[in-house]
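This briefing concerns a predicted model, and it takes up strand pairing before turning to the surroundings of the ligand. Please keep the sequence and the structure in view while reading the points below.

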Amino acid sequence: MGNRRHAGSNASFAKRRRKMKEGLDTKNPNEDNRSSYETTIRDNEKFVQYYKMQNICSEDEWNTFLEVLKTDLPTSFRITASCDVEAKILLKLVEGVFFTDLLKGELNDEQKNSKPFCLPWYPQRLGWQLKITRKDIRGSEAYYRLHNFLISETGNGNISRQETVSMIPPLLLDIQPSDKVLDMCAAPGSKTAQLIEALYSGSTSSVPDGLIMANDVHNARCYMLVHQAKRLNSANVVITNHDATVLPVMNLDENGDSMLKFDKILCDAPCSGDGTLRKNADIWTKWSPGNANNLHGIQFRILKRGLELLNVGGRLVYSTCSFNPVENEAVVQRMMTEAQGSVVIINAHDKLPGLKIVNGLSKWIVVSKDLDVYKTFEEVPEKWNTQIRPQMFPPKEDLYNLDKCIRILPHHQDTGGFFVTLMEKIKPLPWETCVKQTDEVVDEVKVNNYKRKPKKRRYQGYKEDPFIFLTVDDPVWPEIRDFYELNNFPIECLLTRCSVGKKKNIYYTSTSVRDIVKNNQDRVKIINTGVKTFVRCDNKSMECNFRLAQEGLAGISSFIGQKRRLQLTRTELITVLKNPTIPVTSLDQATKDILDNFGVGSCILDMVDKDFPIELVGWKGFSTLKAYVNGECRLHYLRLLGVDVSEFDVNKFKKENNEDGPEDKSGICLDEVPEVQVKEELIQSEKSE
Ligand SMILES: C[S@@+](CC[C@H](N)C(=O)[O-])C[C@H]1O[C@@H](n2cnc3c(N)ncnc32)[C@H](O)[C@@H]1O
């Protein structure tokens, strides 16, 4: 496989070289070919005509709506809420240091009018919006420092850059620590990250009972989900790669006697995306009303499958980043008609106080791709009958309170456009009541509906190593158990990805995730799960061949005994974090005394503090001590401990201004990482692990 890939890229490289020689293609392959916002035409006659007819915005607001739609989107981010204390300290830093510095400097008019703005409806003041351009970052040290800080904390999962409107669906789901949550169309995963955080926020346990299953049909995009989930170090996440319209019910035991229905489901459907015009300006030229007609069917089928996988009493959010009623209210209405009273739309208008919304539409028009308007299906010419379906038309009378759906318009609070509906399943769906609800039966229902038999497939792709759970008989277990004094440890929740040879990394999952992975590996393609917890480290001086990994420490710490714990004072921990390694002699006498009898190897560095306890993985050498954490993690804890870390910042701002160095072309790194790059990086890192 690898050779074929190389052959392909060599062939195209040779072709390009030939073309360049012939003067046909002078394109530099390293050149940034993205069209700049300045050169993109931000207009489309059909778009204007279509949405004027749809009345998505009142007439007196129309011009402002269009004007704002043609401007760039501000940046927005949220501070991770999974750990309350850390979130509060970070918020204090953001507001009290970084924003204060921004506002102290000399501001141009644009900067004065675009001060950081706290999203009033986002809980605990953790959601923020601000305008920050490449020019700002290059021109002001305060902006540069904020930018650096945001990137550093984003890498660690403590801050997430996310479009403001995209934060709404997870909030409406009101995730509780025990919820079993499905994210049906999850990539690239900013909402998944928010769902994971919500599962932990409010949980008294370091591994909550609930779980997040994040799914996407696109294999490469699933690796963006892995990237998101890895930032958050959660044992409660499983990432799957399956067509959501036919996602099977998950078995929770070998015989399929126990099956998983979800408590909360996010159905953030694939859509035409015209609500993201401010971010993806190329949509202006590609936009056509036909796009929405082509998506209605798949959107409906995903939503329907979501409701089938939902528990009675469970809640589902259907959302799109499209203004188009054919992708929004028409899909919801079609579902409500089929559900025959088993599903209700919940009025969520007051759930996010301070968020300006517009009611869902109960009247809309359906058009062909040439913008011919049809009021009823009977008017549709036969040639369009496959694209325009009867269910796309609005109801004569709104029986389902479509006005309870929520629309967000860009000019109301300087955001993108969005559509969201909160639904509750109040009884089994009509086609669920007539038959016993088992996996096979649901598949049978699908076969009847779509007239095709489900294929029997094995879902272990060549890139995905199997997930092998450890047992008490595993030869590595006794040394790990004894070295770390593990007590009542659920060994059945540890897994490796190596079927042969020495185990390299050992991952930890929650019990409910373990059950899903164990019993469904040959039914859905499982891309990733578990948090890295033990890592092979063949150090002759250590009695155990596995060191602890910071990523998984929070999940297993409560099982670890006292032998490998070292208590440090705040000052000692700061010293350890500021230096790659320190001599034991530089520690307090009390700590030195303990270390006299402390074996070499992996350990936990504990800073006991009633308000803000910290636990880090450390390494005790013969005469040294160090924190076994990456650079970003060091900076994060130093910041939380109140240390000014600017000495560790590579001050690119100064470098550029003093040395007149090359212009920074990297742009605002808060943008999402290109997906191919993420996938390559992850495959490489998985391979090297
Ligand atoms: C709007 S994006 C989702 C954005 C995501 N929820 C987030 O917040 O980052 C829609 C996603 O649906 C996926 N998709 C499209 N068809 C699908 C299907 N049949 N089943 C599952 N996922 C699908 C696409 O690959 C795409 O990643």
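**Strands E20, E22 and E23**

- Strand E20, which covers residues 505-508, runs antiparallel to strand E22, residues 531-536, and four bridges join the two.
- Within this pairing, Tyr507 has Lys532 of E22 as its bridge partner.
- E22 also pairs in the antiparallel sense with strand E23, residues 546-548, in this case over three bridges, and here the bridge partner of Val535 is Arg547 in E23.

**The four-stranded sheet and helix H7**

- An open sheet is formed by four strands in the order E2-E3-E1-E4, and their pairing is antiparallel.
- Strand E2 (117-118) and strand E4 (159-161) are the edge strands of this sheet, since each of them pairs on one side only.
- Strand E1, residues 75-79, and strand E3, residues 127-130, are antiparallel to one another and pair over four bridges, with Trp128 of E3 as the bridge partner of Phe77.
- Helix H7, made up of residues 141-155, packs on the sheet and touches both E1 and E4, and the direction of the helix makes about 105 degrees with that of E4.

**The shell around the ligand**

- The ligand is surrounded by 21 residues, of which the closest are Cys185, Lys191, Val217, Ala244 and Asp268.
- Sorted by class, the residues of this shell comprise ten that are nonpolar, six that are polar and five that are charged.
- Two helices, H9 (190-200) and H12 (289-308), each contribute at least two residues to the shell.
- An unreviewed UniProt entry places the feature "binding site" at ten positions that the record gives as Cys185, Ala186, Ala187, Pro188, Gly189, Ser190, Lys191, Asp216, Asp243 and Asp268.

**Pro188 and Gly189**

- Pro188, one of the positions listed under that UniProt feature, lies in the loop that connects strand E5 (180-183) with H9.
- Pro188 counts as buried because 20 other C-beta atoms lie within 10 Å, and the cut-off for a buried residue is 20 or more such atoms.
- Gly189, also listed under the feature, is found in the loop between E5 and H9, and this residue is buried because 27 other C-beta atoms lie within 10 Å.
- When neighbours within four places in sequence are left aside, Gly189 is in contact with Ala214, Met224, Leu225 and Gln228.

Conventions
Residues are numbered from 1 along each chain as its sequence is written. This is a predicted model: local features need pLDDT of at least 70, side-chain atom pairs count only at pLDDT 80 or more; totals for chains, interfaces and linings use all residues. A residue is near a molecule or strand if its C-beta atom, placed from the backbone, lies within 6 Å of it. Ala, Val, Leu, Ile, Met, Phe, Trp, Tyr, Cys and Pro count as nonpolar, Asp, Glu, Lys and Arg as charged, and the others, Gly among them, as polar. UniProt positions are given in the numbering used here, feature names are shortened, and annotations may be inferred rather than shown by experiment. A residue is buried if 20 or more other C-beta atoms lie within 10 Å of its own, exposed if 12 or fewer, and partly exposed in between; C-beta atoms are placed from the backbone. Two residues are in contact if their C-beta atoms, placed from the backbone, lie within 7 Å. Two strands pair if DSSP finds at least two bridges between them. Axes are lines fitted to C-alpha atoms, for helices over the stretch in contact, and angles run from 0 to 180 degrees between N-to-C directions.
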